[in-house]
Amino acid sequence: MLAHRTYRISMSARLMASVTIAALAAGPLAAQTANEVPLLGRIILGAGQPKVAMDTPQAVTLVEQEDLDRDQPETLTELFKTVPGVQGAGASARPLGQAFNIRGIGNSEQTASESRIIVTVDGAPKFFEQYRMGSFFGDLELFKRVEVLRGPASSTLYGSGAIGGAVAFTTKDASDFIPEDKTTTLRFKSAYDSNGNGSKQSLIFATKQGGAAYLGALNYSTGKDVKDGAGKVLPGTAHENVSGLLKGTWALGEEQSLTLSMSRTDSDLDDTVVAQTGGAAVAGFGTADVHTIDDTVALTWKNPVSDSTFWDVSAALSFTNTRVEKDNFSFGSMCAPGRSIVLCDSAYGYKTTSLRLENTADLSAGAWENFLTFGVQVSQQTRSASSIAGPLAFHPEGKDNKLGAYVQGEFVWNDRLTLIPGVRVDFGDVTPSAAAIAAGGAAQKDSAISPKLAVMYKVNDSWSVFGSVARTERMPTMDELYSSEAASSLPARTPSLNLAKESADTIELGFTYQRTGLFAADDRLQLKATAFHNDVTNMIATTPRVAGGAAVPYFSNIAAAKLWGVEVEADYDADRWFAQLAYSNVRSKDRSTGLTLADTPAENVALTLGAKLPDQNLTIGWRAAYFDKITTSSATTSGAAYDSHDVFVTWKPQDGVLAGLDLNLSLTNVFDADYRNNLSLDAAPGRSAKLSIGKSFSW
């Protein structure tokens, strides 16, 4: 098994070898203008004014529709294969069992991981926190782009507490499917996955009428249990999923627009493991049936006033509702107050209503392009839980009201110097439920501030340097404030009303390099490297208990930590060849113990090499991922070194009766390697052939 090999070559050596291979593979062939936008040339929308990734003074990555079509991801692990510093954590093959991990922040074994990474869908804040459960339940088939912004600098626009960063999902639009000379498109798509006999059927209807455009999408997928590289069944990976999207965009005059999107994902996992996250599998919880419904409604109004540079107004009203139901526990006999109430039939939910008002003023003058963005955001989040055994002390209910105000400047001098200062202040007001009050909870008010400054300087046409300093504070969540636990063989845990805010101070330094005409007239090499250092203080963690001791608060500020590392992202693009490189090395230390934090990812590198055959409308490629061994403070999140390999083929005819057809074929884990990522609950899926065929009809 590859997981048991002895690796004599360091990860740094593999990185250098990978770069060399990419350069040699690209070298001998003539290059012309590429048809697809290279990774670092993509436009980033979520960091302020639209900028290409290379010119954004922050570590950012955009996953676009072409990546989603090629990789056919079902989980966060598959989605972020080529994004440095980002992974899915938890169950490796279950669509409902994963949390986000950015630069070592995130995994549901760690308290409140979800609140350290801010997630949005069409601008609507998404949040779900439950013991050993994943945090994101949307069907990836609904989305056309996923922006990842790494680091606390994201807090200015997304909300205080984004210690890890932010992830912004955008759903599909009617304009993505309707050709310029047509008004209506009907698209069919069918996909198959050989590991588990998974299948997916999709239907999209898009039309534009006058100044309006409408889209309706419906997806259905099902699959049996998948197997790992050793041929063992990964229990509880069989699934059934239905998702849908309704979206309309209306042009209100020449400048204004209104967009309404409504999406739902309804998923079932039967006899799946109760412990979906938190390192290696925990068999002691047994299995259960899990049913989730995830709803998102977002209404966005934009009104750039054409006769004024001072007003470019937008308003966004959203509502999200995520519900998780669990029943049919294999250890149902243990369901009893004072025993394993976590194994009782139960339902959990989060409802969030948010309103955001924002304006961007264009203050440009002379050699300066100046934009000032300021806004206000109000939200109310309701946390609910019910169980046949009564109130769930480990999942207290309540309401969390927030008011945030922010301002961000973007000042560019002569297209060479970029300055982006920003600051955000959030005020929180948390009210517990009657049951949580009876257990000792009380209303809490708090505030958090997040300042930042990012700078980028273009030395010449090839080289740029950038850096940033950012600080963010994270207010305690309802779970951290009001969770309690009755005494058993160990002392009781009480609500934690005296928690201090977590804070993170981060410094980033990096450079970019780009060159055209490297091997031919129109080819391009782009590279962006970032080093970061993040000091986290007043970390909130579960309070240890000692047999025979006194009752303790469930959570306390018991630790401080530092996380640091390097990320490298590079792409080479030519008319007939392309290559991509994603490298990440995250290190961490618990300052109180000196140990590596349990949620730290292993050093890794992903290399993609491919060829484009424009005459045949074909793209073919190979991807290799290498993960080094790692030892953390938890044995369940340590892991051996391993590598995995994928190959893919994309065919998109442009003419004749096959125009509008696209075929994506991939073979993942080609050598059927048996391995487990150190952040995964269980082993990775073994070899699988994935095939998707889509056909569009337009008139």
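Is Asp294 buried or exposed? Asp294 is buried, with a relative accessible area of 6%. The views below come from a predicted model.

**View 1. Lys126 and Asp294 form a salt bridge.** The closest N and O atoms of the pair are 2.9 Å apart. Lys126 lies in strand 7 (residues 124-126) and Asp294 in strand 15 (residues 287-304), so the salt bridge ties together parts that are 168 residues apart in sequence. Lys126 has a relative accessible area of 11%. Lys126 is therefore buried, since the limit for that class is under 20%. Asp294, at 6%, is buried by that limit too.

**View 2. Arg150 pairs with Glu567 in a salt bridge.** Here the closest N and O atoms are 2.9 Å apart. The pair links distant parts of the chain, with Arg150 in strand 8 (residues 143-150) and Glu567 in strand 27 (residues 555-573). In sequence, Arg150 and Glu567 are 417 residues apart. Arg150 is buried, with a relative accessible area of 2%. Glu567 is buried as well, at 1%.

**View 3. A salt bridge joins Asp415 to Lys458.** The closest N and O atoms are 3.7 Å apart. Asp415 sits in the loop between strand 19 (398-413) and strand 20 (417-432). Lys458 belongs to strand 21 (residues 444-458). The two residues are 43 apart in sequence, and the pair links distant parts of the chain. Asp415 has 51% relative accessibility, so Asp415 counts as exposed; the cut-off is over 50%.

**View 4. Several charged residues are linked in a network of salt bridges.** The basic members are Arg42, Arg70, Lys81 and Arg623. The acidic members are Glu64, Glu66, Asp67, Asp71 and Asp646. Side chains of opposite charge can pair when their charged atoms come close. The count for the model comes to 42 salt bridges.

**View 5. Strand 6 (residues 117-121) is mostly covered.** Five of its five residues are buried. Ile117, Val119 and Val121 point one way from the strand. Ile118 and Thr120 point the other way. Strand 6 has pairing partners in strand 9 and strand 7. With strand 9 (residues 165-171), the pairing is parallel, over five bridges. There, Ile117 has Gly165 as its bridge partner.

**View 6. Strand 6 and strand 7 form a hairpin.** Their pairing is antiparallel, over three bridges. Val121 has Ala124 of strand 7 as its bridge partner. Two residues lie between the strands. Asp122, in the turn, has a positive phi of about 50°. Strand 7 also holds Lys126, the salt-bridge residue of View 1.

**View 7. A nonpolar patch lies on the surface.** Its area is about 760 Å². The patch is made by Phe188, Leu203, Phe205, Leu218, Tyr220, Val242, Phe697 and Trp699. Strand 11 (198-209) supplies at least two of these residues, and so does strand 12 (212-223). Phe697 is found in strand 33 (residues 688-698). Phe697 is partly exposed, with a relative accessible area of 41%.

**View 8. Ala438 is an exposed helix residue.** Ala438 is found in helix 5 (residues 434-438). Its relative accessible area is 70%. Ala438 and Thr494 are 56 residues apart in sequence. In space, they are 11 Å apart, C-alpha to C-alpha.

Definitions and conventions
Residues are numbered from 1 along each chain as its sequence is written. This is a predicted model: local features need pLDDT of at least 70, side-chain atom pairs count only at pLDDT 80 or more; totals for chains, interfaces and linings use all residues. Side-chain values use heavy atoms; hydrogens and water are left out. Patches are made of residues with over 30% relative accessible area and no salt bridge: like charges are joined within 9 Å, nonpolar side chains (Val, Leu, Ile, Met, Phe, Trp, Tyr) within 5 Å. Accessible areas come from the Shrake-Rupley method with a 1.4 Å probe; for residues, only the protein chains shown count as cover. A salt bridge is a side-chain nitrogen of Lys or Arg within 4 Å of a carboxyl oxygen of Asp or Glu. Helices (H or I, at least four residues) and strands (E, at least two) are DSSP runs, numbered from the N terminus. Buried means under 20% relative accessible area, exposed over 50%, partly exposed in between (1.4 Å probe, protein chains only). Two strands pair if DSSP finds at least two bridges between them.
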